[in-house]
Every structure is written in C-alpha cells, then in structure tokens.
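Good morning, everyone. Please have the sequence and the model open. I will walk you through the fold, then stop at a few residues.

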Amino acid sequence: ELEQEPEEELEQEMDEIELTDGIDTELEEAILQLEQARLTSERRAILEGNTTEYALTLKIEKIERTLLGEIGYRGGQSLHGLIDGGPYSGLVQLHTDLDDEVLELKDGDEIKLLVRLVDYKPSLKRPVLKADSIQG
C-alpha cells in the first residue's frame with residue numbers, strides 16, 4: 001500500500017470540510033482565538049506558539065502591492081479576501097516568487113493557498129497571513 005503524499009492528504013481534508021460563513025476550519029478557530037485576546041501580549045503569545053501551515057480557500061476581493069513587510073514579501077502582492085467562506089476576511093501577503101502567478105488572478109477568483117498566521121489587526125478585525133505557494 002502506497003503512502004499518500006502529505007499534500008494529497010491535505011487536499012482530501014480540504015474537500016471534506018464544508019466551508020460556511022461560520023467557524024469551520026482550524027484557521028478560523030485560530031483567528032477566533034486572536035480576536036478574543038484582549039492584550040497585545042496575549043495575541044503575540046498565541047502567534048508565537050502557532051507554527052501551523054493552514055490550507056486556506058480565499059475569495060479574492062482586492063489585489064495590491066505589499067508596501068511593508070519582510071524581505072521576500074515587500075514589493076510582492078497582497079490579496080484581500082474572504083477566508084474559508086467567512087466570517088473572516090483577511091490579508092494574505094504572497095512571496096515575491098509568486099508575482100507571475102498573481103498576474104493571472106483577478107477580483108472574485110477563489111484560490112487555495114498554504115498560509116501561516118503572522119498577525120492580527122484588532123482595529124480592523126483582520127488577520128494577516130503569509131503564503132509561499134498557491135495550491136490551485
């Protein structure tokens with residue numbers, strides 16, 4: 001019996017979860033945790049303890065240049081969109097290696113990404129994520 005590649009397993013799991021406008025995925029649960037944290041130090045502790053890469057379905061609302069951020073992301077593209085069917089919208093900073101792939105995307109597209117949760121902006125109620133690859 002052949003062992004499945006981790007990526008295939010991830011895809012299978014993604015298909016099994018029904019995405020609604022409620023909290024359906026591990027990523028949405030992590031965002032909820034950040035949203036409920038009252039102090040910056042609490043949010044920082046949650047983020048530092050979270051090294052998970054999440055499979056994310058993003059419905060793109062806007063594409064713009066990443067002006068601030070780490071080297072490798074600054075000057076690349078950021079996608080604003082609905083995360084896993086809602087209730088959260090967020091910002092995904094894409095690695096500059098993905099610039100060519102991003103050119104093919106447009107507002108309204110739905111794409112799958114592997115992301116890391118890197119920040120949460122309480123004033124905007126918006127998670128910030130980073131992605132190094134587009135899954136489809």
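**A walk through the barrel**

Start at L58, which stands opposite I83 in β2. Keep in mind that this is a predicted model. L58 has a second partner as well: I111 in β4 stands opposite L58. So what do the strands around L58 build? Let's zoom out.

First, the inventory. The protein has four helices and five strands. How are they ordered along the sequence? Read it with me: α-α-α-β-β-β-α-β-β.

Now the barrel. Five strands close into it, and the order is β1-β2-β3-β5-β4. The pairing is mixed. On average, neighbouring strands of this sheet are turned by 50 degrees against each other, direction ignored.

Helix α2, residues 26-36, packs on the sheet. Which strands does α2 touch? It touches β1, β2, β4 and β5. The direction of α2 makes about 20 degrees with that of β4.

Next, the pairings, one by one.

Begin with β1 and β2. They pair in the antiparallel sense, over seven bridges. On the other side of the list, β1 also pairs with β4. Strand β1 covers residues 54-65, and β4 covers residues 110-121. Six bridges join these two, and they run antiparallel. You have already met one facing pair there, L58 and I111. Here is another: L56 stands opposite L113 in β4.

One general point for the newcomers. In a regular strand, side chains alternate between the two faces of the sheet.

Now β3, residues 89-94. Does β3 run parallel or antiparallel to β5? Parallel, with four bridges joining them. Look at L94 in particular: its opposite number in β5 is A131.

Then β4 and β5. Eight bridges join them, and the two strands run antiparallel. K121 has R126 in β5 as its bridge partner. Follow the chain around the turn. The hairpin of β4 and β5 has four residues between the strands. One residue to look at in this hairpin is K125, with a positive phi near 50 degrees.

**Three residues up close**

First stop, N50. Find it in the loop between α3 and β1. Is N50 buried or exposed? It counts as buried, because its relative accessibility is 16%, and the cut-off for buried is under 20%. What does the side chain of N50 do? One of its polar atoms lies 3.0 Å from the backbone nitrogen of T52. Beyond its neighbours within four places in sequence, N50 is in contact with A30 and L117. Now compare sequence with space. N50 and R116 are 66 residues apart in sequence, yet 8.5 Å apart in space, C-alpha to C-alpha.

Second stop, D109. This one sits in the loop between α4 and β4. D109 has a relative accessible area of 18%, so it is buried. A polar atom of the D109 side chain lies 3.0 Å from the backbone nitrogen of K106. Which residues does D109 touch, not counting those up to four places away in sequence? L58, K59, I60 and E104. Notice that L58, our starting point, is among them.

Third stop, K59. It belongs to strand β1. K59 is partly exposed, because its relative accessible area is 38%. The side chain of K59 reaches the backbone oxygen of G108 at 3.4 Å. In sequence, K59 and G108 are 49 residues apart; in space, C-alpha to C-alpha, they are 6.0 Å apart. Leaving aside neighbours within four places in sequence, the contacts of K59 are H80, G81, L82, G108, D109 and E110.

**Rings, then totals**

What lies over the face of Y73? It is K130, at 4.8 Å from the ring centre. And aromatic pairs? The count comes to zero.

Finally, the whole chain. Of its 136 residues, 38% count as buried. Now take the contacts between residues at least 6 apart in sequence. What share of them joins residues at least 24 apart? The share is 56%. You have just seen one such contact: K59 with G108, at 49 residues apart.

To recap: five strands close into a barrel, and helix α2 packs on the sheet. Over to you.

Notes. Residues numbered from 1 in each chain as written. Predicted model: local features only at pLDDT ≥ 70, side-chain atom pairs only at ≥ 80, totals over all residues. Heavy atoms only, no water. Pairing = 2+ DSSP bridges. Axes fitted to C-alpha atoms, helices over the stretch in contact; angles between N-to-C directions. Contact = heavy atoms within 4.5 Å. Phe/Tyr/Trp six-rings, centres within 6.5 Å; stacked < 30°, edge-to-face > 60°. Lys NZ or Arg CZ within 6 Å of the ring centre and 35° of its normal. Buried < 20%, exposed > 50% of the residue type's maximum accessible area, 1.4 Å probe, protein only. Polar contact = N/O pair within 3.5 Å; in protein donor to acceptor, adjacent residues only side chain to side chain.
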